[in-house]
Amino acid sequence: LFSLSLSEIVDADFAADNTLVYPCETISFTDASLGATSWAWDFDNDGNTDATDQNPTWTYSTGGLKTVTLTVNGTETETKTSYIQVLPKLGTPYSTSDGGNFESNSWHFGSTSTTGTNLWERGNPSNFLNTLNSTSNGWKTDLDADCPDETITCHLYTPSFNMSTAGTYSLSFRKSMETFYSATPYAAFMEYSTNGGTSWTKLGVYNDPDGTNWYNKNTIDASVVSDQVGWHGTFSNQATSLDISDLAGNNDVRFRLTFTSNSIWSTAGFVDGFMIDDFSLSGPNNDANTWEIETALNSSATEYLGPNDTVHFISSNCKIIATVINLSAHDYGSTTVTIDAAGSSAKNFASNTAASKRIFDKTLRIIPTTNNSSGSVKITTYFDSTEAQGWKTSTSNYFKNLNLLKTPGAIASALKSQATLGSSPLIDSSYGGSDLKLTASFSNGFSGVAAGLNGPSGPVPVELIDFSGTRTETFSAVRWTTASEIESDYFVLQRMNNGKYEDIATLTAAGFSNQLLNYEFEDRDATAMQQPVLYYRLKQYDTDGSMEMSNVLELSLFNSDMAISVSPIPADQYIRLDYKTSSNISLDYAVTDLLGQKVLNNSAVPTNQQINVGQLDPGTYFLELRSGARIIKQQKILIMR
């Protein structure tokens with residue numbers, strides 16, 4: 001008699017119910033380990049644990065050969081390399097060089113059996129059927145042997161193709177076949193599915209007038225093919241094609257080549273079966289990865305966004321939320337995209353009320369593990385036809401003038417002054433047929449994302465990032481810098497006189513700009529110059545009459561020789577304060593929020609001071625520098641993550 005402890009019989013092992021799938025099809029994994037009490041599954045080979053259940057399910061949103069690892073009890077590991085094959089979602093046209101010659105991208109095609117043995121193999125054939133049009137690889141029913149005397153139904157699956165654009169499409173390939181008798185009980189035929197593989201329909205008819213060398217027989221034994229139509233006979237490397245334009249308008253079209261046999265004859269009736277080479281699909285240009293668009297509030301997706309990655313964020317409903325391209329070597333880590341507002345009309349952005357300034361109801365929030373406030377990214381958002389037309393109707397604007405805008409935090413709580421417009425916007429108003437795809441680039445990391453009108457009538461106003469100046473005995477030089485201007489009209493510079501601010505200058509604004517612009521005014525009022533301290537502020541007006549006020553700038557002869565630099569703007573974790581002066585002074589600083597509440601401060605800071613703002617929430621703040629009771633400089637700072 002003897003007994004074994006669990007630690008002595010641990011053996012990691014697992015299986016999947018389906019190893020050939022399309023994106024977003026659920027796979028059930030079964031733990032077959034002996035003695036396992038804990039489980040850590042890695043389904044996408046990124047080193048991160050994706051599930052801790054004993055028998056989990058998983059869906060892949062991208063095509064490829066997937067390596068799966070199971071670690072049990074924290075120590076025992078089983079890795080199955082290229083274990084799951086996910087056939088890709090592709091656009092059109094699809095040429096032989098894209099993978100249809102079976103020389104490259106071998107994972108684009110895959111096979112399974114629904115009855116009996118799966119005979120399909122990819123490689124260099126060496127039996128009777130051995131003539132390929134391409135170099136060395138074809139798909140054949142057993143590469144080096146005759147078909148067995150068995151009842152078999154096996155399928156060779158193609159990628160899923162987006163054929164949503166109207167136009168003329170043609171499916172082509174080369175086929176070879178060997179049969180022994182005219183009534184040999186096996187045949188081949190092509191099928192298609194437009195409902196995600198729920199059902200399959202035979203493609204084409206006997207001697208199809210829209211095809212070349214399409215089905216050549218309609219008297220196949222009914223026990224093999226129920227309608228008796230298919231390919232049957234002996235031929236080699238025969239060019240075959242069919243007009244499939246009636247499938248246009250579908251964004252998920254799958255094909256499968258079915259080989260079927262019935263074991264009703266002796267082995268002598270079975271020979272080398274069927275072979276295919278040089279598959280292609282011609283037609284209008286269609287994007288790859290055309291997904292149904294997610295519209296539900298709080299839908300989210302989490303993916304790993306590494307250096308130079310392109311990631312599609314697909315919801316649990318198998319619908320697309322966003323696509324993000326990382327244009328840098330920064331590793332954002334696990335990144336979540338959430339629909340934080342939904343609807344099918346338009347809404348005000350911050351205090352904007354004009355129809356032209358309203359944004360789409362649906363907005364996103366992108367939160368990475370490790371943000372980069374100066375990271376370069378390209379963001380694509382998607383709106384279904386109802387969402388898109390609702391915004392268009394509400395604002396009386398056109399899709400061709402759209403752009404994305406981004407804020408440090410959620411769009412719903414953002415100020416106009418916090419928003420930045422994307423650069424190089426790309427608009428596709430026929431995505432998936434009648435939906436909307438909007439792409440723009442940013443260089444300030446991630447945050448809230450919305451869509452609205454680009455140009456002078458859009459929702460983003462002037463973004464004032466600096467208001468400063470210098471003072472001499474004869475004049476004051478007041479300067480300000482804008483990072484972007486949308487529908488800006490003019491600036492009014494004011495100076496305090498006897499306790500009240502008075503207008504001293506009006507400067508015309510740029511109107512529209514997404515680059516840094518510098519403005520300057522020299523105040524040479526001799527009477528004012530006799531005052532020891534001068535106070536200035538700036539009003540910025542949009543063309544719709546709305547106005548925003550700057551902070552107060554205090555200039556005195558005391559600080560006229562002081563050079564102050566604050567960077568970077570926007571900031572992420574730190575801002576750097578540098579100042580130089582011929583006077584023997586030191587500065588105090590305070591950081592305040594938009595309500596004037598002090599959130600950070602320090603006294604007698606040295607030059608080249610690094611200020612830690614990592615504990616502050618993303619948003620807009622003001623940095624105030626003082627020497628004693630005198631305000632030396634106030635500057636707006638943006639914190640973005």
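**Sheets, cores and one helix in a predicted model**

Asp42 stands opposite Thr69 in strand S6. The model is a predicted one, and this residue pair is a convenient place to enter it. Strand S4 and strand S6 (residues 64-72) run antiparallel to each other and are joined over four bridges. Both belong to an open sheet of four strands, ordered S2-S7-S6-S4, in which the pairing is mixed. Strand S2 (20-21) and strand S4 (39-42) are the edges of this sheet; each has a single partner strand, so one side of each is left without a neighbour in the sheet.

A second open sheet has six strands in the order S21-S24-S27-S33-S29-S30, and its pairing is antiparallel. Here the edge positions fall to strand S21 (300-305) and strand S30 (420-421), each of which has a single partner strand, so one side of each lacks a neighbour in the sheet. S21 is paired with strand S24 (residues 333-341) in the antiparallel sense, over six bridges. Within that pairing, Ala301 has Val337 of S24 as its bridge partner.

Next come the nonpolar cores. In soluble globular proteins, nonpolar side chains tend to be buried together. The largest nonpolar core of this model has 44 residues, and those with the most contacts inside it are Met190, Leu203, Trp231, Ile244 and Phe255. At least two residues of this core are supplied by each of the strands S13 (152-163), S14 (170-178), S15 (186-193), S18 (235-243), S19 (250-261) and S20 (273-286). S15 gives the largest share, six residues. Leu203 shows what such a position looks like in detail: leaving aside residues up to four places away in sequence, Leu203 touches Leu171, Met190, Glu191, Tyr192, Trp214, Tyr215, Leu242, Ile244, Leu247 and Phe255. A second core, separate from this one, has 30 residues and includes Ile321, Ala322, Phe360 and Ala388.

Ala388 leads on to helix H2 (residues 385-395), where Glu387, Ala388, Gly390, Trp391 and Thr395 are buried. Viewed down the axis of H2, these buried residues fall within an arc of 160°, so they line one face of the helix. An α-helix has 3.6 residues a turn, so residues three or four places apart point the same way. The buried residues of H2 pack against several strands, among them S28 (377-383), S29 (402-407), S32 (435-442) and S33 (448-453). S29 and S33 also appear in the order of the six-stranded sheet.

The two ends of H2 can be described as well. At the N-terminal end, Asp384 acts as a cap, with a side-chain oxygen 3.2 Å from the backbone nitrogen of Thr386. Just after H2, Ser396 takes a positive phi of about 60°.

Technical notes
Residues are numbered from 1 along each chain as its sequence is written. This is a predicted model: local features need pLDDT of at least 70, side-chain atom pairs count only at pLDDT 80 or more; totals for chains, interfaces and linings use all residues. Side-chain values use heavy atoms; hydrogens and water are left out. Two strands pair if DSSP finds at least two bridges between them. Buried means under 20% relative accessible area, exposed over 50%, partly exposed in between (1.4 Å probe, protein chains only). The arc is that of the directions from the helix axis to the C-beta atoms. Contact means heavy atoms within 4.5 Å. A polar contact is a pair of N or O atoms within 3.5 Å; within protein, one must be able to donate a hydrogen and the other to accept it, and residues adjacent in sequence count only if both atoms are side-chain atoms. A nonpolar core is a set of buried Ala, Val, Leu, Ile, Met, Phe, Trp, Tyr and Cys residues joined through side-chain atoms within 4.5 Å.
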